[in-house]
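Subject: Handing over the structure we talked about

Dear colleague,

Please find below the structure that I promised to pass on to you. Have a look through it at your own pace, and then read on for what was found in it.

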Amino acid sequence: MSYQVRVNALSLGHALRDAALYVGKNEAWEATAHILLILPPKQRKLAVIGCDGNGYYERRLALVQEKGAPKPSFPGKDKAVLLGAQEAALLVKFCKTKSVATLTVNEDGQGYRLSVALPDGSSTSVGCPANLEVPAYDQITTNAAKGEKQGVTPANMCIPVRELGRASKVFPVPVGQTIPMSVAKWKDAGCLAQLKYLSDADDADIRVIFVLSLPEAKAA
């Protein structure tokens with residue numbers, strides 16, 4: 001079985017680079033870390049997702065539909081493409097231009113082979129193992145999205161400094177620009193904060209989610 005989608009190569013490189021911040025220990029390319037690639041339902045976008053259990057990163061890339069090209073297709077969540085962080089690093093180095101990148105996923109005996117080709121004829125490929133469990137992100141993203149319609153504020157909450165540092169690196173905005181933050185209640189740990197940035201010009205549909213915890217005095 002073969003699948004194929006087309007996206008902006010530079011945007012793909014940036015998404016994989018930034019997702020690595022959310023899967024690698026100490027922001028390194030860890031051999032045991034993986035980045036999820038998936039087509040969200042009812043959207044013409046490819047989602048690149050990274051999460052280390054503390055912070056969640058997602059960037060959705062607009063699909064490019066070229067005349068005569070096959071209809072976009074990609075493996076579903078039941079047999080998702082989980083790209084190793086070290087393999088993703090190879091693709092980041094390859095995706096340096098604003099041209100269209102063609103991603104082709106081919107099933108093999110041990111999982112998938114993900115190939116990326118550019119219009120100049122150059123290409124590269126990496127292996128994606130099939131025996132990995134897809135992290136359960138749905139509960140995090142669903143609850144965080146509720147904050148966009150709620151009146152909860154982050155007053156008197158504790159913000160993880162590490163998450164602020166990581167978030168500051170993944171949004172393609174100039175100094176002085178603001179990004180909306182919404183807050184939703186999250187179990188007993190406090191709240192989920194969601195930073196969301198949308199820009200067609202930057203091919204950017206980015207979400208960053210992390211937990212705002214209660215101060216120790218309040219938590220006690």
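How many bridges join strand S6 (residues 100–108) to S7? Before the reply, please keep in mind that this is a predicted model, and that everything below should be read in that light. Strands S6 and S7 run antiparallel and are joined by seven bridges, and one place to find this pairing in the viewer is Leu103, whose bridge partner in S7 is Val116. The two strands form a hairpin, with two residues between them.

Strand S7 also pairs with S8, again in the antiparallel sense and over seven bridges, and here you can look for Arg113, which stands opposite Gly127 in S8. S7 and S8 form a hairpin as well, with five residues between them, and in its turn Gly121 has a positive phi of about 95 degrees.

The next thing to trace is an open sheet of seven strands, which has the order S5-S2-S3-S4-S11-S10-S9 with antiparallel pairing. At its edges are strand S5 (81–84) and strand S9 (181–186), each of which pairs on one side only, and from one strand to the next the twist averages 20 degrees. If you follow the sheet to S9, you will find that six bridges join S9 to strand S10 (residues 190–199), with the two running antiparallel; Ala184, for instance, has Leu192 in S10 as its bridge partner.

Two helices that pack on this sheet deserve a careful look. Helix H2 (residues 85–94) touches strand S2 (34–38) and S5, and its direction makes about 80 degrees with that of S5. Helix H4 (residues 161–170), for its part, touches strand S4 (55–62), S10 and strand S11 (204–213), and its direction makes about 175 degrees with that of S11.

Which residues of H2 are buried? They are Ala85, Ala88, Ala89, Leu91, Val92 and Phe94, and what covers them includes helix H1 (9–21), S2, S5, strand S7 (111–117) and strand S8 (123–129). When you look at how such residues are spaced, it helps to remember that an α-helix has 3.6 residues a turn, so residues three or four places apart point the same way.

Let us turn now to the open spaces in the model. The largest pocket has a volume of about 380 Å³, and it is lined by 20 residues, of which Tyr56, Glu58, Arg60, Asp138 and Thr141 lie nearest its centre. The elements that give two or more residues to this lining are S2, strand S3 (45–51), S4, helix H3 (138–146), S10 and S11. Apart from pockets, the structure holds one cavity of 30 Å³ or more, and the residues that line the largest cavity are Gln4, Val5, Arg6, Val64, Gln65, Pro70, Lys71 and Pro72.

Two of the residues named for the pocket can be studied together, since Glu58 lies in strand S4 and Arg60 lies in strand S4 too. Is Arg60 buried or exposed? It counts as buried, because its relative accessibility is 14% and the cut-off for buried is under 20%. Glu58 is likewise buried, with a relative accessible area of 4%. The side chains of Arg60 and Glu58 make a polar contact of 2.4 Å, while another polar contact, of 2.5 Å, joins the side chains of Glu58 and Tyr56. Leaving aside neighbours within four places in sequence, Arg60 is in contact with Pro40, Gln43, Lys45, Leu46, Ala47, Asp203, Asp205 and Arg207, and Glu58, counted in that way, is in contact with Ala47, Val48, Ile49, Asp205, Ile206 and Arg207.

Finally, please find Gly190, whose place is in strand S10 and which counts as buried at 12% relative accessibility. Its C-alpha atom is separated by 7.0 Å from that of Val211, although the two residues are 21 residues apart along the chain. Not counting residues up to four places away in sequence, Gly190 touches Met157, Lys185, Leu212 and Leu214.

With best wishes for your reading

Conventions:
Residues are numbered from 1 along each chain as its sequence is written. This is a predicted model: local features need pLDDT of at least 70, side-chain atom pairs count only at pLDDT 80 or more; totals for chains, interfaces and linings use all residues. Side-chain values use heavy atoms; hydrogens and water are left out. Two strands pair if DSSP finds at least two bridges between them. Helices (H or I, at least four residues) and strands (E, at least two) are DSSP runs, numbered from the N terminus. Axes are lines fitted to C-alpha atoms, for helices over the stretch in contact, and angles run from 0 to 180 degrees between N-to-C directions. Contact means heavy atoms within 4.5 Å. Buried means under 20% relative accessible area, exposed over 50%, partly exposed in between (1.4 Å probe, protein chains only). A polar contact is a pair of N or O atoms within 3.5 Å; within protein, one must be able to donate a hydrogen and the other to accept it, and residues adjacent in sequence count only if both atoms are side-chain atoms. On a 1 Å grid over the protein atoms alone, a cavity is a set of points where a 1.4 Å probe fits but cannot get out, and a pocket is an open set with protein on both sides within 12 Å along at least five of seven lines; lining residues have an atom within 4 Å of a point. Grid points are joined across faces, edges and corners, and a volume is the space filled by probe spheres set on the points.
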